[in-house]
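Here's a quick tour of one structure, with a stop at each of its main points of interest. Have a look at it first, then read on.

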Amino acid sequence: MSLVVYNTMSRHKEEFRPREEGKVFMYVCGPTVYNYIHVGNGRAYLVFDVIRRYLSYKGYEVFYVQNFTDVDDKIINRANEEGKAPEEIARHYEAAFLEDMRGLNILPPDIAPRATETIPRMIEMIRGLVDKGYAYAVDGDVFFRVESFAGYGKLSGRSLDEMRAGERVEVDERKANPMDFALWKASKPGEPAWESPWGKGRPGWHIECSAMSLHYLGMGFDIHGGGQDLVFPHHENEIAQSEAFAGSEPFVRYWLHNGFVNIQEEKMSKSLGNIILVREILKRYPADAVRLLALQTHYRNPIDFGPEALDEARRAYERLENCLFALDAFLAKPPDMTAPQRTQREVELSDSCFDFERRFEEAMDDDFNTARAIGVIFELVKELNTYLDEQELYQTPAAPMVASHGRDVLLKLCNILGLFSPAQRERESREAVVREETGPSAESLIELLLEVRAVAREGKQFATADLIRTRLRELGIRVDDLREGQRWKYVGPPA
RNA sequence: GGCGGCGUGGCCAAGUGGUAAGGCAAAGGUCUGCAAAACCUUGAUCACCGGUUCAAAUCCGGUCGCCGCCUCCA
């Protein structure tokens with residue numbers, strides 16, 4: 001089956017054919033490290049994490065590069081506000097970013113270059129552009145001459161005369177064309193600065209990504225991703241610089257852009273004051289619930305990350321979790337008898353599992369339609385739940401085999417989306433209840449209470465059993481009596 | 001003003017030519033000491049108008065409404 005992706009450049013879905021057979025080289029614009037990231041940023045990294053995971057699943061060898069923009073006006077401003085060195089700010093938020101990525105269970109890039117460590121490459125590029133007449137220096141600044149690049153505007157679908165530069169911002173009088181953008185900025189005293197042929201200064205934002213992506217991935221790499229707001233001017237400028245410098249095209253084969261995040265119908269923005277940080281959300285919701293929410297909408301569409309949406313996603317996530325728990329419990333119970341002969345019904349169920357896999361892949365092959373893929377997963381969940389219910393009434397000899405197969409498929413599909421990853425499950429169960437440094441763990445005490453409760457229930461002492469359940473719930477621990485036995489889970493204090 | 005997107009059951013959201021996936025919520029039922037979970041059952045003709053077609057939510061034209069980008073931004 002072939003994969004098709006929507007390419008912003010052509011505005012169509014195209015068959016995905018990488019530069020090199022079997023390999024995918026991708027670059028996603030990383031954070032400017034001057035602040036904690038919000039869920040809008042989080043969504044972007046989540047989306048490309050899943051794209052990356054799926055490509056790996058498809059058998060591609062994926063090489064994923066994501067930069068850190070660690071020199072920038074915003075960082076400098078922040079540093080001035082807080083009376084700290086820009087580098088200190090950058091390192092702090094860089095570490096916080098990595099923490100948030102881990103929290104969301106996003107796989108780390110193969111390489112995460114810092115802009116400040118790639119300055120020589122940028123200077124080299126800028127010099128090349130000046131030599132070829134694509135750029136000009138004025139008072140220590142260097143600007144890219146947009147009129148010199150014929151393809152300017154091809155990504156965002158605008159032409160130079162359509163654009164009304166200066167309508168909302170003061171135009172720098174030194175620019176030949178108002179749309180010309182800075183490749184190099186002369187630095188003021190006290191700002192981070194590097195020696196260059198044009199004097200002390202620092203790189204413009206756009207050149208960073210070009211230099212880093214070209215350095216690690218080379219011209220014509222496969223996927224360049226980012227949020228829709230980066231299409232113009234950031235990515236447009238990257239193309240201009242890179243193709244002008246290389247004297248060839250394309251800079252990138254496929255441009256992928258994700259849609260925005262809204263909070264209760266409104267665009268999330270600083271001016272509206274409705275920014276939600278990734279770390280705030282992760283305090284209240286499991287990472288997988290956040291992932292599920294993000295993936296239940298196609299990546300190019302806008303999505304709402306309000307509290308209602310998050311609560312809903314958490315319940316949906318619990319449905320997946322419950323099904324896996326039930327399967328695990330079923331498989332853990334020693335069967336009365338086992339035999340490989342499946343009933344007709346079981347043969348059909350097993351066959352349908354392959355069908356679910358096929359449909360999942362079909363959905364993902366269609367421009368990473370995770371929403372559809374998740375629909376398939378839930379259909380599978382329904383099938384498996386129904387089957388387990390049937391087993392309750394009439395146990396069949398092949399049940400362990402059939403259930404196990406179903407579980408494998410379910411887990412496999414979830415894993416492709418980065419859900420229920422083994423590392424994540426372990427981390428969360430560990431964090432669920434704080435352990436004491438010495439003495440018995442909270443977990444073992446809960447288990448003990450549940451044992452007592454089971455005895456009470458057997459003796460029909462329901463008042464005692466309910467007391468234990470109620471009191472635990474008050475402590476944030478929910479106890480469910482499943483047919484497989486009791487299950488507890490840390491869900492946080494009752495609202 | 002330019003460019004682009006969207007409008008599908010109570011809410012969210014797939015589907016882009018053959019009579020509408022999935023999630024959440026709601027109601028009834030099964031199961032259960034109870035609660036929770038699970039299972040079953042129940043609902044939309046797809047903003048509006050016109051056109052193309054044997055056939056349209058899905059194509060074309062128009063109308064209305066909402067949104068994003070054009071400035072740093074995921």
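A residue counts as near a strand here if its C-beta atom, placed from the backbone, lies within 6 Å of it. Keep in mind that this is a predicted model.

**Around the RNA**

So how many residues surround RNA strand B? There are 60, and the closest are Gly40, Gly227, Ala316, Gly375 and Asn385. Sorted by class, this surface has 23 nonpolar, 18 polar and 19 charged residues. Helix 11 provides the largest share, with 11 residues. Other elements chip in too: those supplying at least two residues each include helix 1, helix 6, helix 9 and helix 15, along with strand 9, strand 13 and strand 14.

**A helix pair**

Two packed helices are described by the angle between their axes and the distance between the axes. For helix 10 and helix 12, the axes come within 10 Å and cross at roughly 10°. Angles under 35 degrees count as roughly parallel, so helix 10 and helix 12 are roughly parallel to each other. Here's who meets whom:

| Helix | Range | Residues in the contact |
|---|---|---|
| Helix 10 | residues 344–365 | Glu346, Leu349, Ser350, Cys353, Phe356, Glu357, Phe360 |
| Helix 12 | residues 399–416 | Val402, His405, Gly406, Val409, Leu413 |

By class, that contact of helix 10 with helix 12 has seven nonpolar, three polar and two charged residues.

**A hairpin**

Strand 1 (residues 4–7) and strand 2 (residues 12–15) run antiparallel, joined by four bridges. Val4 sits opposite Glu15 in strand 2. The two strands form a hairpin with four residues between them, and Arg11 in the turn has a positive phi of about 60°.

Key:
Residues are numbered from 1 along each chain as its sequence is written. Chains are lettered from A and ligands numbered from 1 in the order in which they are written. This is a predicted model: local features need pLDDT of at least 70, side-chain atom pairs count only at pLDDT 80 or more; totals for chains, interfaces and linings use all residues. Ala, Val, Leu, Ile, Met, Phe, Trp, Tyr, Cys and Pro count as nonpolar, Asp, Glu, Lys and Arg as charged, and the others, Gly among them, as polar. Axes are lines fitted to C-alpha atoms, for helices over the stretch in contact, and angles run from 0 to 180 degrees between N-to-C directions. Angles under 35 degrees count as roughly parallel, over 145 as roughly antiparallel, 65 to 115 as roughly perpendicular and the rest as oblique. Two residues are in contact if their C-beta atoms, placed from the backbone, lie within 7 Å. Two strands pair if DSSP finds at least two bridges between them.
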